[in-house]
Every structure is written in C-alpha cells, then in structure tokens.
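Work through the exercises below with the sequence and the model at hand. Each task is followed by a solution in steps.

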Amino acid sequence: MGKCYEHNITLHQLFIDFKQAYDSINREKFILILEEFKIPRKLINLLGMTLRNTIGRVKVQNMMTEEFAINKGLRQGDALSTQLFNVVLEKVMRNIQINKGRSIYTRTLQILAYADDVNLIGRSTGWLNDAVVQMEEGANEVGLRINEEKTKYTINTRNKVCFRNEKHLQIYNYEFERVGEFKYLGSMITENSDNNMEIKARIMARNRSYYSVLPLLRSKAVSRTTKIRMYKTIIRPVVLYGSEAWCLMANDEKNLRI
C-alpha cells in the first residue's frame with residue numbers, strides 16, 4: 001500500500017465484519033464443505049459427532065433453565081473452532097473472482113483475511129462492489145451475515161480533493177461508513193499510509209511493557225542473561241510487531257532507537 005500511495009495509485013479498502021460469525025455457521029453446509037475439500041471421511045464423521053444433538057442450559061441465580069437445542073454455529077471454547085471457521089471462510093473467499101498477481105500493486109483486487117477479519121482492497125469502488133456481492137452470496141450459503149454497522153471503508157489516496165465528499169460507500173443494500181483510520185490485526189491503517197501514528201502507539205506499548213517488568217530488570221537476583229532474554233521476548237516484539245510492512249523515515253528510525 002505504501003508503494004501504491006507513493007506512485008499515486010488510489011486504493012479502496014473495506015474492512016468486513018460478520019454478525020456473530022462463529023455462532024451463525026450452518027452445520028449441514030459445513031459438513032458439505034469438508035467433503036468438497038476432500039477431508040478424510042473419518043475426520044468428517046468425528047467432527048459431525050461433536051456438532052450433532054448439542055443442547056444448552058442457562059444458569060440464572062443458581063437456577064437452571066430447561067434444555068434447549070443448538071442447531072447452528074461452532075462450539076464455544078472448542079480449540080478446533082478457529083480452524084473449522086477458517087475452512088468455512090476459505091469456501092466463502094473462493095467464491096470471489098480475482099485476477100492473479102503478486103500484490104495489489106500489480107492486480108485490481110486483493111483479499112486479506114485472518115480468522116473473521118477480512119479486508120477487501122480494490123483499485124476502484126466497482127471492484128469492491130463486485131467482490132462484496134460475490135462474497136455475500138457465498139457467506140449467505142454458510143449462514144454468515146455482513147455487519148453493516150461495524151464494517152468500515154477507507155480510501156488510500158493522494159487526491160484528497162476528489163474524494164472529500166464521499167462519506168459512505170454504497171454497495172448493494174449496504175451503506176458503509178468511511179473512516180480516516182482503522183486498526184486491522186493490531187496495526188493502524190490510515191488514508192495517507194502514514195506509519196507515524198502506528199510507531200508512536202508501538203513506542204507507548206513498549207514503555208508499558210518495559211515498566212511492567214522493570215522490578216525484574218532491576219533485581220540483582222536475576223542474571224544478565226535472563227534480563228537480555230526478557231528484553232528480546234517481552235519488550236522488543238511489542239515494538240516490532242508488523243514492522244515488516246513499515247515505510248520508515250529517518251525521524252521514525254531515530255524514535256525507534258531510543
């Protein structure tokens with residue numbers, strides 16, 4: 001995205017949020033997806049056993065309610081739930097037709113997805129519109145619904161004047177709010193691809209991490225080798241998270257060296 005901003009290529013980003021993503025999965029469709037992906041039949045049967053005939057009860061003031069059936073969604077707290085949801089989301093993403101290429105710098109549409117955090121990046125609103133329509137078709141089949149209120153839209157561009165009046169993105173029956181910045185997977189994404197805010201946030205997080213272990217770093221009972229290991233495993237990763245994608249200025253490098 002930094003390269004696109006540098007070469008005056010406008011990018012339109014839509015950060016998709018699903019309503020109650022894990023609780024809305026159609027279980028029958030999920031089994032069909034496993035079969036389509038050629039998962040071994042033994043594993044499909046085992047997964048089906050964990051999802052069939054599930055019931056729940058609610059405890060209110062030491063009183064238990066009557067049993068009720070749970071017919072959709074993945075099991076809450078199950079270690080496999082995140083992996084199973086990834087399988088469902090992979091099916092939804094495959095429903096979107098995209099042109100092949102290395103990155104958004106050489107293609108017209110790109111999809112970033114991690115768990116239920118989806119980011120659609122297009123060169124124009126037309127490409128985003130097509131992607132959202134195709135994704136919604138696939139999402140509806142498995143029980144997922146787009147959360148219009150939490151889904152946000154942003155434009156990375158140098159031509160601020162051309163897009164200053166665009167407050168929303170209208171796609172199909174949805175109207176998505178435009179924002180100047182959005183935190184995606186722990187990293188701040190801004191309309192001008194400026195990493196300054198992200199770096200400042202990382203430095204503040206580093207300071208909090210440092211002061212949380214300061215008593216141990218000052219303790220004479222802890223060896224120097226252990227203190228160095230603590231710095232490398234606790235403090236330094238907090239600062240460098242997502243740094244591979246940063247385009248640093250000289251001043252940013254100076255601040256990170258402090």
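**Exercise 1. The second largest pocket**

Task: State the volume of the second largest pocket in this predicted model, and describe its lining by position, by element and by class.

Solution.
Step 1. The volume of the second largest pocket is about 280 Å³.
Step 2. Its lining has 15 residues, and those closest to the centre are Arg 27, Glu 28, Gly 48, Leu 51 and Arg 52.
Step 3. At least two lining residues come from each of helix H2 (27–36), helix H3 (41–51), strand E2 (54–56) and strand E5 (68–70). H3 supplies the largest share, with five residues.
Step 4. Sorted by class, the lining of this pocket holds six nonpolar, five polar and four charged residues.

**Exercise 2. Three salt bridges**

Task: How many salt bridges does the rule give? For the pairs of Arg 94, Lys 152 and Glu 191, find the partner and the distance between the closest N and O atoms, and decide whether the residues are buried, partly exposed or exposed.

Solution.
Step 1. The count is eight salt bridges. A pair qualifies when a side-chain nitrogen of Lys or Arg is within 4 Å of a carboxyl oxygen of Asp or Glu.
Step 2. Arg 94 pairs with Glu 90, and their closest N and O atoms are 2.9 Å apart. Arg 94 has a relative accessibility of 52%, so Arg 94 is exposed. Glu 90 has 34%, so Glu 90 is partly exposed.
Step 3. Lys 152 pairs with Glu 177 at 2.6 Å between the closest N and O atoms. This pair links distant parts of the chain, since Lys 152 is in strand E8 (residues 152–156) and Glu 177 in strand E10 (residues 174–178), 25 residues apart. Lys 152, at 16% relative accessible area, is buried, whereas Glu 177, at 37%, is partly exposed.
Step 4. Glu 191 pairs with Arg 178, the closest N and O atoms being 2.9 Å apart. Glu 191 is in the loop between strand E12 (187–190) and helix H6 (196–212), while Arg 178 is in strand E10, so the salt bridge ties together parts 13 residues apart in sequence. Glu 191 has a relative accessibility of 13% and is therefore buried. Arg 178 is buried too, with a relative accessible area of 16%.

**Exercise 3. Aromatic pairs around Phe 15**

Task: State how many aromatic pairs the structure holds. Then classify the pairs that Phe 15 forms with Phe 182 and with Tyr 184.

Solution.
Step 1. The structure has five aromatic pairs.
Step 2. The ring centres of Phe 15 and Phe 182 are 4.3 Å apart and the planes meet at 15°, so this pair is stacked. The cut-off for stacked is under 30 degrees.
Step 3. Phe 15 is in strand E1 (residues 11–16) and Phe 182 in strand E11 (residues 181–184), so the pair links distant parts of the chain, 167 residues apart. At 2% relative accessibility Phe 15 is buried, whereas Phe 182, at 21%, is partly exposed.
Step 4. Phe 15 and Tyr 184 have 5.7 Å between ring centres and 45° between the planes, and this pair is tilted. Phe 15 is in strand E1 and Tyr 184 in strand E11, so the pair joins parts 169 residues apart in sequence. Tyr 184 is buried, at 9% relative accessible area.
Step 5. Phe 15, Phe 182 and Tyr 184 together make one aromatic cluster.

How values were computed:
Residues are numbered from 1 along each chain as its sequence is written. This is a predicted model: local features need pLDDT of at least 70, side-chain atom pairs count only at pLDDT 80 or more; totals for chains, interfaces and linings use all residues. Side-chain values use heavy atoms; hydrogens and water are left out. Buried means under 20% relative accessible area, exposed over 50%, partly exposed in between (1.4 Å probe, protein chains only). Helices (H or I, at least four residues) and strands (E, at least two) are DSSP runs, numbered from the N terminus. Rings of Phe, Tyr and Trp (its six-membered ring) pair if their centres lie within 6.5 Å; planes under 30 degrees apart count as stacked, over 60 as edge-to-face and the rest as tilted. On a 1 Å grid over the protein atoms alone, a cavity is a set of points where a 1.4 Å probe fits but cannot get out, and a pocket is an open set with protein on both sides within 12 Å along at least five of seven lines; lining residues have an atom within 4 Å of a point. Grid points are joined across faces, edges and corners, and a volume is the space filled by probe spheres set on the points. Ala, Val, Leu, Ile, Met, Phe, Trp, Tyr, Cys and Pro count as nonpolar, Asp, Glu, Lys and Arg as charged, and the others, Gly among them, as polar.
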